[in-house]
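Got your viewer open? Let's take a walk through this one together, a selection at a time.

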Amino acid sequence: QHLRGELERALSKQEFVLYWQPIIDMQSGLCVAAEALIRWQHPERGLLLPDSFLDVAENSTVMQRIGAWVIHNACQHGEAWAKQGILLDIQINLAARQVENHRFCDDLRRALASCPALPTERICLELVERIALRDIAKTTRLISDCQSLGVRFALDDFGTGPAALQYLLELGCNQIKIDHSFVIPMTGSQRHQRMIQAMIQMAHALGVTVTAEGIENMESAELLRQMRADRGQGYGIAMPMPASDFATYWLQHT
Ligand code: G
Ligand code: G
Ligand code: MN
Ligand code: NA
């Protein structure tokens, strides 16, 4: 209850910030996308990570407003970068509360109208499997409604949910993000490598692109490149960083 009130205050006082984690093309090594990750610049407790406050937000309507703030600000960063010639895919996480809101598509349309320099096709919304689970028919409809605006969808934390394969088949997502729990152990495990290889082949057979998360070292990056993963993300490639640092990073990696 207390934290919920604080979240409301944080929104009105502009205490949330977006960090950006670079995503590279595995063949060229160039930066082609970035994922927006929310942080809370708390006046007393310092920079807080989402795990310490998003669970509480998720159980309340404040999540809809935080989610709308994230979409709006991520689009504004994308717009500013596009105007500087920095063109990349902008990946934005969605919370269950946002997706359940019947005004979601209208709000998204409004956010898109405020960033004319950023091509709509550059925006990719990340959905975790447990969100899709709530009502698969409704989620499928929402995805196709938003896709008709031009935005793309990624199935985040792929492989960790109870019906990953069903979602891959039915939701019409453009991309999967292989969860870091498969990628982190892969250098020491043939079994993990084989499973990742199978995920990549399955996604490609369905016309879905693959981003591997949790790349912590060069050895796993090289294995994933050989396995034809399309894109990669992880501490071994680049840490999440403030928007101002990201522009510098991008210029050095294109
Ligand atoms: O940033 P970090 O690596 O600590 O993220 C932890 C979790 O918080 C991840 O699961 C990520 O998807 C989620 N997360 C980060 N930013 C956002 C956001 O803007 N909206 C939602 N819904 N989840 C986010
Ligand atoms: O949306 P998603 O749940 O995928 O959020 C990405 C989360 O993973 C963020 O909290 C981000 O900080 C974290 N992350 C990014 N790269 C790595 C990595 O290489 N290893 C681990 N363990 N976590 C990572
Ligand atoms: Mn994500
Ligand atoms: Na993920």
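Before we start, one term: two residues are "in contact" if their C-beta atoms, placed from the backbone, lie within 7 Å. Keep in mind, too, that this is a predicted model.

Now try that term out. Select I176 and look past its neighbours within four places in sequence: I176 is in contact with A154, L155, F158, L168, A203, V208 and V210.

**Zoom out**

Show the whole chain as a cartoon. You should be able to pick out twelve helices and ten strands. Along its principal axes, the C-alpha trace spans about 50 × 45 × 35 Å. For 254 residues, a compact globule would have a radius of gyration near 18 Å, and the chain agrees, because its own value is 18 Å. Of those 254 residues, 40% count as buried. Take the contacts between residues at least 6 apart in sequence: 66% of these join residues at least 24 apart.

**Into the core**

Next stop, the largest nonpolar core, which has 71 residues. I92, L125, L155, I176 and I178 have the most contacts inside it. Which helix gives the most to this core? That's α3, with seven residues.

Pick L125, found in strand β5 (residues 123-128). Is L125 buried or exposed? Buried means 20 or more other C-beta atoms within 10 Å; L125 has 26, so it counts as buried. Leaving aside neighbours within four places in sequence, L125 is in contact with I92, L94, C146, V151 and F153. For a bit of distance practice, add P162, which sits 37 residues from L125 along the chain: their C-alpha atoms are separated by 21 Å.

**Along helix α3**

Select residues 62-83 to light up helix α3. At 1.5 Å a residue, its 22 residues should span 32 Å, and this agrees with the model because the end C-alpha atoms are 32 Å apart. Colour the buried residues of α3, among them V62, I66, V70, A74 and W81. An α-helix has 3.6 residues a turn, so residues three or four places apart point the same way. After α3 comes G85, with a positive phi, near 85°.

**Last stop: ligand 1**

Finally, select ligand 1 and the residues around it: A36, L37, I38, L49, P50, D51, L54, V70, N93, L94, A95 and P240. By class, this shell has ten nonpolar, one polar and one charged residues. Where does the biggest share come from? Strand β2 (residues 31-42) gives the most, with three residues. You've met V70 already, as a buried residue of α3, and here V70 is again around ligand 1.

Technical notes: Residues are numbered from 1 along each chain as its sequence is written. Chains are lettered from A and ligands numbered from 1 in the order in which they are written. This is a predicted model: local features need pLDDT of at least 70, side-chain atom pairs count only at pLDDT 80 or more; totals for chains, interfaces and linings use all residues. A residue is near a molecule or strand if its C-beta atom, placed from the backbone, lies within 6 Å of it. Helices (H or I, at least four residues) and strands (E, at least two) are DSSP runs, numbered from the N terminus. Ala, Val, Leu, Ile, Met, Phe, Trp, Tyr, Cys and Pro count as nonpolar, Asp, Glu, Lys and Arg as charged, and the others, Gly among them, as polar. The radius of gyration is taken over C-alpha atoms; the globule rule is 2.2 Å times the number of residues to the power 0.38. A residue is buried if 20 or more other C-beta atoms lie within 10 Å of its own, exposed if 12 or fewer, and partly exposed in between; C-beta atoms are placed from the backbone. The expected span of a helix is 1.5 Å times one less than its number of residues. A nonpolar core is a set of buried Ala, Val, Leu, Ile, Met, Phe, Trp, Tyr and Cys residues joined through C-beta atoms within 7 Å.
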